[in-house]
Amino acid sequence: MTKQVQQLDRVIIRFAGDSGDGMQLTGDRFTSGTAEFGNDLSTLPNFPAEIRAPAGTLPGVSSFQLHFADHDILTPGDAPNVLVVMNPAALKANIGDLPRGADIIANTDEFTKRNLQKVGYGANPLEDDSLAEWRVHPVPLTSLTVRALEGFDLSKKDAERAKNMFALGLLSWLYHRPTETTIRFLENKFAKRPDIAKANIAAFQAGWNYGETTESFSVSYEVKPAPLAPGIYRNISGNQALAYGLVAASVQSKLPLFLGSYPITPASDILHELSKHKRFGVRTFQAEDEIAGVGAALGAAFGGALGVTTTSGPGVALKAETVGLAVTTELPLIVVDVQRAGPSTGMPTKTEQTDLLMAMFGRNGESPLPIVAPSTPSDCFDAAVEAARLAVKYRTPVMLLSDGYLANGSEPWKVPSAAELPDISTEFAAAPNGEDGVTFLPFKRDAETLARPWAIPGTAGLEHRIGGIEKADGTGNISYDPANHDKMVRLRQAKIDGIAQDIPPLEADDPDGGARVLVIGWGSTYGPIAAAVRRIRRSGGKVAQAHLRHLNPLPANTGEVLRSYDKVLLPEINLGQLALLLRARFLVDIISYNRVRGLPFKAEELAGVIQDVIDSE
């Protein structure tokens, strides 16, 4: 039977199952095939916070959403067109996000009476009319996988574990994904267990063949490659991009990279990734706690390295005193905060933008520092390079605010050439700088940047004090003089304020210049805001968009841009932290739109909010 092939411009698929069902691996492999095929894509992994919740329960559901298209896309999609569920818990946890008419591919083998009862189903939803508004495709994934692996020397339990590869094969057939990438991955992953590799490959191919031969799927779908600018591309997650950005910054600055870190979700992957790159002179130190991690990183900076520490919100709180020490010693230090839902432990695997005010003010005393926020997973690379540039040039700690959505999400990344990267090399102090030619003044500042000299410990003639007690201007001697303290506080603030002249101006995307409403954002809200703005413009509405990368200091023209529009809307995944800062600084009546659900915004949701603001004009 020849099956019909239907052309689509985009598809949103969500894989969902128990945390032991391999949904993240399945989604990742489908994404890799999609990236190799040439589609534009965006992903949203969603992990349970529990290390291992009871099998088949709602807290243990893990999902992976992938949006791929033949054109430029900005988000993982608001709602899936296809939901693949491995058990009743996955169905119940995700059915509320599924639009009417969407497809459900369900593993019927797991819809047993016991599993149904675990999540509160009184009857099997695959057999009653409760799913009538969706197109349900019942597939016995588990038993089909076991049957496909009968010729292998595997227990039934081990054979069942390959059901995610069967599902991946089926979906790969359904959407014409290349198979070679997954086969090579399985061969490499299980190189030391060739029997397991062959079994997983067989399950994957069996899923593909099932799609080709079954009457349950009479149509397959094709999404053509997206037009992309010439270059070398790879699929990359935010944490990977950030790690590569730090390595690139190390090379460009000609400084060895030292990472002092303590594992914490969702930042740990940066530590894992950097530990693979010793050939670039990267040293990674897994400390016994957050304070030790930042202390070691600051010590490395004192010793002449590019010092970095990575963490999430709770860890930033613990690191605050040492970050304050970096402010007063005026040493370069990069503090990466991959934000997650709080307060306290909060929801470790969910995303938020709630650490901005902590980054701004979460230290004792007047302790200003630059804050940089990437906007997409691939932009984490450029943000890391920029954070390093500011830290080295201005001798200051820099806070880089990523978040869980960016860290775990992925998209195509055009690999830059070395020539495209900024030169951020620096010169260490090599000789005394006092007027007498003998004295070294550790706090004699550069006239342009106000940065102090960076002197490597042990350099002859450059001995100087270091520590957290206030220092005298120029000499660096301990000082309790009130006038000196006032001067040093103002100098440190002026140094950070001066960075505004060294960063790009804020640009408003306003195609015809006729918009009266500006939507401004920061961090990971870029994609949903931009997608919502596109929707409004397609329907004939006029709206401008601006996005902030530098949050402290703000671009020099920020106030001018804000005052150029009648209304300014600011969506944030917090209760209005940037809005508070902009109102106070520029006296502009910012319209806040806030949600704190541990989830990114949906484009449709923001489009409705934008339209309401336009209509209220």
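Entry 1. I take buried to mean under 20% relative accessible area, exposed to mean over 50%, and partly exposed to be in between. I note that the model is predicted.

Entry 2: Asp-78. I looked up where Asp-78 sits and found it in the loop between strand E4 (61–69) and strand E5 (82–85). Is Asp-78 buried or exposed? Its relative accessible area is 14%, and because the limit for buried is under 20%, I entered Asp-78 as buried. I then listed what Asp-78 touches, leaving out residues up to four places away in sequence: Ile-12, Arg-535, Lys-602, Ala-603 and Glu-604. For Glu-604 I also looked up the separation from Asp-78, which is 526 residues in sequence and 7.1 Å in space, C-alpha to C-alpha.

Entry 3: the whole chain. I counted 20 helices and 21 strands in the chain. The radius of gyration is 27 Å, close to the 25 Å that the globule rule gives for 617 residues, so I wrote the chain down as being as compact as a globular protein of that length. The C-alpha trace spans about 90 × 65 × 45 Å along its principal axes. Of the 617 residues, 57% count as buried. I found an accessible surface of about 25900 Å² for the chain, and 52% of it belongs to carbon and sulfur atoms. I also checked contacts between residues at least 6 apart in sequence, and 76% of these join residues at least 24 apart.

Entry 4: the open sheet. I followed 7 strands through an open sheet and wrote their order as E11-E10-E12-E13-E15-E14-E19, with mixed pairing. Which strands are at the edges? They are strand E11 (283–286) and strand E19 (550–552), each of which pairs on one side only. Elsewhere in the sheet, strand E14 (residues 371–372) and strand E15 (residues 397–403) run parallel and share 2 bridges. In that pair I found Ile-371 bridged to Met-399 of E15.

Entry 5: strand E12. I picked strand E12 (residues 306–311) from the sheet for a look at its neighbours and its cover. Strand E10 (residues 257–261) is parallel to E12 and is joined to it by 3 bridges. One residue pair I noted there is Phe-258 with Gly-307 of E12. E12 also pairs with strand E13 (residues 333–339), again in the parallel sense, over 4 bridges. Here I noted Thr-311 opposite Asp-337 of E13.

How many residues of E12 are buried? I found 6 of its 6, which makes the strand mostly covered. In a regular strand the side chains alternate between the two faces of the sheet. I therefore sorted the residues by side, using the buried limit of under 20%. Leu-306, Val-308 and Thr-310 are on one side, Gly-307, Thr-309 and Thr-311 are on the other, and with all of them buried, both faces of E12 are covered.

Entry 6: helix H7. I listed the buried residues of helix H7 (residues 180–189) as Thr-181, Thr-182, Ile-183 and Leu-186. What do they pack against? I found three helices as partners: helix H1 (23–37), helix H6 (163–174) and helix H8 (194–213).

Entry 7: a surface patch. I looked up a nonpolar patch on the surface and found about 360 Å² made by Ile-469, Ile-478 and Tyr-480. Of these I followed Ile-469, which lies in the loop between strand E16 (410–414) and helix H16 (482–498). Its relative accessible area is 41%, so I entered Ile-469 as partly exposed.

Conventions: Residues are numbered from 1 along each chain as its sequence is written. This is a predicted model: local features need pLDDT of at least 70, side-chain atom pairs count only at pLDDT 80 or more; totals for chains, interfaces and linings use all residues. Side-chain values use heavy atoms; hydrogens and water are left out. Patches are made of residues with over 30% relative accessible area and no salt bridge: like charges are joined within 9 Å, nonpolar side chains (Val, Leu, Ile, Met, Phe, Trp, Tyr) within 5 Å. Accessible areas come from the Shrake-Rupley method with a 1.4 Å probe; for residues, only the protein chains shown count as cover. A salt bridge is a side-chain nitrogen of Lys or Arg within 4 Å of a carboxyl oxygen of Asp or Glu. Buried means under 20% relative accessible area, exposed over 50%, partly exposed in between (1.4 Å probe, protein chains only). The radius of gyration is taken over C-alpha atoms; the globule rule is 2.2 Å times the number of residues to the power 0.38. Contact means heavy atoms within 4.5 Å. Two strands pair if DSSP finds at least two bridges between them.
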